[in-house]
Amino acid sequence: MLQKKYRLKKYSAFIATYKNNHIVADDRICVYIGKEKTSDDVITKAAFVVSKKIHKRAVVRNRIKRLMRESFRLILKNNSFPNINKYISVICVAKNSAIDASFSDIDYSLKKNLSQIQ
RNA sequence: GAGAGCAUACGAACAAUCGCGUAUAGUAAUAUAUGAGGAAAGUCCGGACACCCAAGGGCAGAACGACGGAUAACGUCCGCCGAAGGCGACUUCAGGACCAGUGCCACAGAAAAGUAAACAACCGAUGAGGUUCAGGUGCAACGGUAGUGUAAAAGACUACAGGAGAUAUCGUGAGGUAUCUGCCGGGUAAACUCCGUUCGGGUGCAAGAUUGAAUUAAAGGAUAAGGUGACCCGCCGUCUUUAAAAAAAUCGCUUGAGCAUUAAGGUAACUUAAUGUCGAGACAGAUGAUUGUUUAGAAACAGAAUCCGGCUUAUGAUAUGCUCUCUUUU
RNA sequence: CGGGAUGUAGCGCAGCUUGGUAGCGCACCGUGUUCGGGUCGCGGGGGUCGCAAGUUCGAAUCUUGUCAUCCCGA
C-alpha cells in the first residue's frame, strides 16, 4: 500500500482520468494516464483497479491489486521511469490474464507499459 | 487385521531487508506496540442498537407445532417420548386436528365414501321384499388370520396379534405396563381450512447525531379528502414556522449477552463465583515483495466493513480418542 | 445492506395455478418431388425438466435446502 498522499481518491478524478483517453496496455495490465502537470508542486497520484468481472473471489482480486502496488512502489522508489512525474494521475487496471500471475510477471508487464510513456 | 459409527485437534513457524493501516510519544524526522477466519462467505433465522409512526384493543398477516428444560431471543441447543431405518455402535423425522366444513383420489375396478351394485347362493310363492360370502382390480375396498356357527352368511361367537376407549399403577410430562369392553364406516392438511403458541408496525449504521465556506429559494410541521386488507410512502388544497440541501470533516466504531484459567451446581445444554486480560477498526478501503532456516511439504476453502447467538454451504495433508460388527491367533 | 426473477431437446419458449400422457417453432436425420439445389409434402430421432433431500401410491408441477445466471433500490 502506498502512502496516502500518493493515492488517487476522488470519484471525479477517476472519471477525468478515464476521459483523457491516454492509454497504454498489454495483455495483462492496462494503464490510464491523466493530464500533464501545470506546476511541479502537484504529486503524481496512482490507483489500482481490479474489476469484479475478472474474478468472483475477493482473495484473487486483492492478490492482483497488491502485486501491482508493490511493483509500482519499487518503481517510484528507484525513480526508474521519471516520465511518470509529468502527469497528474495514473490508473492501472488489471485484465483477465492477470489471474494466477506471479510478481515477476506483473512487474515485467508494468515496466513494459510505463516505458512507452513519452 | 478389515469395515463402520460418533467426536476432536491443526489451519505452518522463525529470522533479515524494503513497505502499508491504526494507536501512543515527539515541533518534525522517526521510534515502540499491534493488525483477518473457522467459516470473515451465503444472507436463511433470532436479537442488541438507532430513527419515524403508534402508544388501548380487534381484524388481517407471517412463522412455528410431541414433551420437559436451556437462553437476551430463536425456526437454535440439551435431555427424553413415539415412529422409521440398521445385525449393531448409531442415524433420521414440518411429529397438532380429515367425529367443523369444502375439495381431490389418474388407469383399473360394480363401487374411491354414498348408510355400498350386478350375477350366483339362501328365505319367500315364481312377484314384491329380505340376508349376504367369495373372487378379481388397485397405493388404498367398510377391520386381519384361523376356527365355531348358519338355510346361506355376517365380531353373531372364540383364539391370536393390531387400533380405540375405560380403570389401576409408574413417570414433572409426552408416554410406558397390566386388566377389561366387540367399541372398529379409507387416504390426503408439504390441499384450502380449523385449533394452539409467538410476533406493536416500518426502515436499516448509506440507521442516526454534530460542524460547515461559497451558492440556491425552498424545506419542515399540522389538518381534511381520496387510495390501500392494514400501515408507510406519494399526490392535491388550506394554515403555520424558518431554516434547509449535495460534495467534505468528526462522532456512531468497537469493553462485549467478551476471552482465558480455576472452583461449585446440573445427566446435559448451560448457570454462578473468583482471578487475570484487552486481541483489527479502514472509507477507492490496511497483512505485501525478496531471501534464508525448520518440516515429508511454503498445502485447501477463502479476506473483517455496526456488533453478537445460531443455521447452511466450501475446505488440503494428516493426527488423536471412544464405540460397534466380522474374521484370525493366544 | 435490502428486494425480485429465471433455470425444461442443439437454440428460443409452452406445460406448473388444479400432481398421473413432456409438447410447439427453428435446427438435425431419412424419404418423395426436381436434370441438380432450395421451397414444399411425408416420416423419424433427440430431454437426469439446474442439483440434493422430503411429502405422496405417484413429483417438471407441492415443500425445504443448495448452485448458477440476470435485474432493481439505497
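Are phenylalanine 48 and phenylalanine 72 buried or exposed? Both phenylalanine 48 and phenylalanine 72 are buried. This answer, like the rest of the report, comes from a predicted model.

**The aromatic pair**

A search of the whole structure turns up 1 aromatic pair. Its ring centres, those of phenylalanine 48 and phenylalanine 72, are 5.7 Å apart. The planes meet at 75°, so the pair is edge-to-face; the cut-off for that class is over 60 degrees. Phenylalanine 48 belongs to strand S3 and phenylalanine 72 to helix H2, so the pair ties together parts that are 24 residues apart in sequence.

**The sheet**

The strands build an open sheet of 4, in the order S1-S2-S4-S3. Pairing is mixed. S1 and S3 stand at the edges with a single partner strand each, so one side of each has no neighbour in the sheet. On average, neighbouring strands are turned by 20° against each other, direction ignored.

S2 and S4 pair in the antiparallel sense, over 5 bridges. Isoleucine 29 stands opposite alanine 94 of S4.

**Helices on the sheet**

Two helices are described here by the strands they meet and by their direction.

| Helix | Strands met | Angle |
|---|---|---|
| H2 | S2, S3 and S4 | about 155° to S3 |
| H3 | S1, S2 and S4 | about 35° with S2 |

H2 lies across its strands. H3 packs on the sheet and touches the strands listed for it.

**The nonpolar cores**

The largest nonpolar core holds 25 residues. Which of them touch the most other members? They are Met68, Cys92 and Leu110. Five elements give two or more residues to this core: strand S2 (29–33), S3, H2, strand S4 (89–94) and helix H3 (103–114). H2 gives the most, with 5 residues.

Cysteine 92 has a wide set of partners to look up in the structure. Neighbours within four places in sequence are left aside here. Cysteine 92 is then in contact with Ile29, Cys30 and Val31, and with Ala47, Phe48 and Val49. Met68 and Leu110 complete the list of its contacts. Phe48, one of these partners, is also the ring that pairs with phenylalanine 72.

Another core lies apart from the largest one. This second core has 7 residues, including Leu8, Phe14, Ala47 and Ile91.

Methods: Residues are numbered from 1 along each chain as its sequence is written. Chains are lettered from A and ligands numbered from 1 in the order in which they are written. This is a predicted model: local features need pLDDT of at least 70, side-chain atom pairs count only at pLDDT 80 or more; totals for chains, interfaces and linings use all residues. Side-chain values use heavy atoms; hydrogens and water are left out. Rings of Phe, Tyr and Trp (its six-membered ring) pair if their centres lie within 6.5 Å; planes under 30 degrees apart count as stacked, over 60 as edge-to-face and the rest as tilted. Buried means under 20% relative accessible area, exposed over 50%, partly exposed in between (1.4 Å probe, protein chains only). A nonpolar core is a set of buried Ala, Val, Leu, Ile, Met, Phe, Trp, Tyr and Cys residues joined through side-chain atoms within 4.5 Å. Contact means heavy atoms within 4.5 Å. Two strands pair if DSSP finds at least two bridges between them. Axes are lines fitted to C-alpha atoms, for helices over the stretch in contact, and angles run from 0 to 180 degrees between N-to-C directions.
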